Amino acid sequence: IGVSAQRVFTFPADLATTTAYLCDFEQTLKYLPYLHLVKTYAPNQYRILYSVAEAGVYYVAFYCDIQVQFDETSQTLHVTSLAGIPPVPPKATFNSVSGQGYYTSRSVFHAAGAQTNVAYDVDIQAQVPKRLELTLIPDAVFKRVVENVVQRRLQEIADAFVAHSMDELCA
């Protein structure tokens, strides 16, 4: 599967304050629904878990190994896949799927006087194992159903990123 979301917003702080705040990935992650820090490999290298329950009965969990880098020249925060970590094997049960996922995001910061404009893009990709009971369902239909669920949740993550970041800084 592959889903993405984009947001453009104005952060109520100058460029230096905004980048310092939003580049603290561990802090920012606390305010993102469905994403949880599982392990810190090294500074700015993490394993996060994307997990959701659909209707409280079907669970989806993807482990994503990431690295976080800020490019001062372009004022861009990059979250990319971390190479060299053994992937989590895919698993499908009656009411769940889990495995390795790939989370990437990019936040571009532009000074706007006492405020900062932020363009935020986030993407989640994963190989979703199909339960044996679902083999009669065409792969394209199965993929579309799972992508719709993950897409809705990713939209919630993007909205929460914007709202919680502003709420925390302005509190």
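1. **Start at Asp121.** Asp121 counts as partly exposed, at 24% relative accessibility. Keep in mind that this is a predicted model. Asp121 does not stand alone: its side chain meets that of Arg106 in a salt bridge, with N and O 3.0 Å apart. Arg106 lies in strand β7 (residues 96–112) and Asp121 in strand β8 (residues 115–126), so this bridge ties together parts 15 residues apart in sequence. Arg106 is partly exposed too, with a relative accessibility of 37%.

2. **How many salt bridges are there?** How many does a search of the whole structure find? The count is 4. Two others deserve a close look, and they come next.

3. **Arg47 and Asp65.** These two form a salt bridge, and their closest N and O atoms are 2.7 Å apart. Arg47 sits in strand β3 (residues 45–54) and Asp65 in strand β4 (residues 58–71), so the pair ties together parts 18 residues apart in sequence. Are the two residues buried or exposed? Arg47 has 14% relative accessibility, so it counts as buried. Asp65 has 5%, so it is buried as well. The cut-off used here is under 20% relative accessible area.

4. **What surrounds Arg47?** Which residues does Arg47 contact, leaving aside neighbours within four places in sequence? Among them are His36, Leu37, Val38, Lys39 and Tyr41. Tyr63, Cys64 and Asp65 are also in contact with Arg47. So are Ile85, Pro86, Val88 and Gln100. One of these contacts has a further role: Lys39 is the bridge partner of Arg47 in the strand pairing. Do not mix up the two kinds of bridge. Arg47 has a strand bridge with Lys39, and a salt bridge with Asp65.

5. **Arg7 and Asp159.** Here the side chains meet in a salt bridge of 2.7 Å, N to O. The pair links distant parts of the chain: Arg7 belongs to strand β1 (residues 2–11), while Asp159 belongs to helix α3 (residues 139–170), 152 residues apart. The two ends differ in cover. Arg7 is buried, at 19% relative accessibility. Asp159 is partly exposed, at 40%.

6. **The β2–β3 hairpin.** Strands β2 and β3 run antiparallel and are joined by 6 bridges. They form a hairpin with 2 residues between them. Asn44 lies in the loop between β2 (35–42) and β3. What is notable about the phi of Asn44? The angle is near 65 degrees, a positive value in a residue other than glycine. Most residues other than glycine have a negative phi. Asn44 is partly exposed, with a relative accessible area of 37%.

7. **The β3–β4 hairpin.** Strand β3 also pairs with β4: 10 bridges join them, and they run antiparallel. Glu54 has Tyr58 as its bridge partner in β4. The two strands form a hairpin with 3 residues between them. In this turn, Ala55 has a positive phi of about 55 degrees.

8. **Gln75, another positive phi.** Gln75 is not a glycine, yet its phi is positive, at about 55 degrees. Where is Gln75 found? Look in the loop between β4 and β5 (76–81). With 17% relative accessibility, Gln75 counts as buried.

9. **The core.** The largest nonpolar core has 41 residues. Which members touch the most other members? They are Phe25, Leu35, Ile48, Tyr50, Phe62, Ile66 and Tyr103. Helix α3 gives the most to this core, with 8 residues. As background, nonpolar side chains in soluble globular proteins tend to be buried together.

10. **Tyr103 up close.** Leave out residues up to four places away in sequence. Tyr103 then touches Leu35, Ile48, Cys64, Ile66 and Val79, among others. Thr80, Ser81 and Tyr120 are also on the list. Val122, Asp123 and Ile124 complete it. Leu35, Ile48 and Ile66 appear again in the set of core members with the most touches.

11. **A nonpolar patch on the surface.** Which residues make it? Ile137, Val141 and Val145 do, over an area of about 210 Å². Val141 is found in helix α3. Its relative accessible area is 32%, so Val141 counts as partly exposed. Helix α3 thus appears in three places in this note: it holds Val141 of the patch, it holds Asp159 of a salt bridge, and it gives 8 residues to the core.

Methods. Residues are numbered from 1 along each chain as its sequence is written. This is a predicted model: local features need pLDDT of at least 70, side-chain atom pairs count only at pLDDT 80 or more; totals for chains, interfaces and linings use all residues. Side-chain values use heavy atoms; hydrogens and water are left out. Helices (H or I, at least four residues) and strands (E, at least two) are DSSP runs, numbered from the N terminus. Buried means under 20% relative accessible area, exposed over 50%, partly exposed in between (1.4 Å probe, protein chains only). Patches are made of residues with over 30% relative accessible area and no salt bridge: like charges are joined within 9 Å, nonpolar side chains (Val, Leu, Ile, Met, Phe, Trp, Tyr) within 5 Å. Accessible areas come from the Shrake-Rupley method with a 1.4 Å probe; for residues, only the protein chains shown count as cover. A nonpolar core is a set of buried Ala, Val, Leu, Ile, Met, Phe, Trp, Tyr and Cys residues joined through side-chain atoms within 4.5 Å. Contact means heavy atoms within 4.5 Å. Two strands pair if DSSP finds at least two bridges between them.
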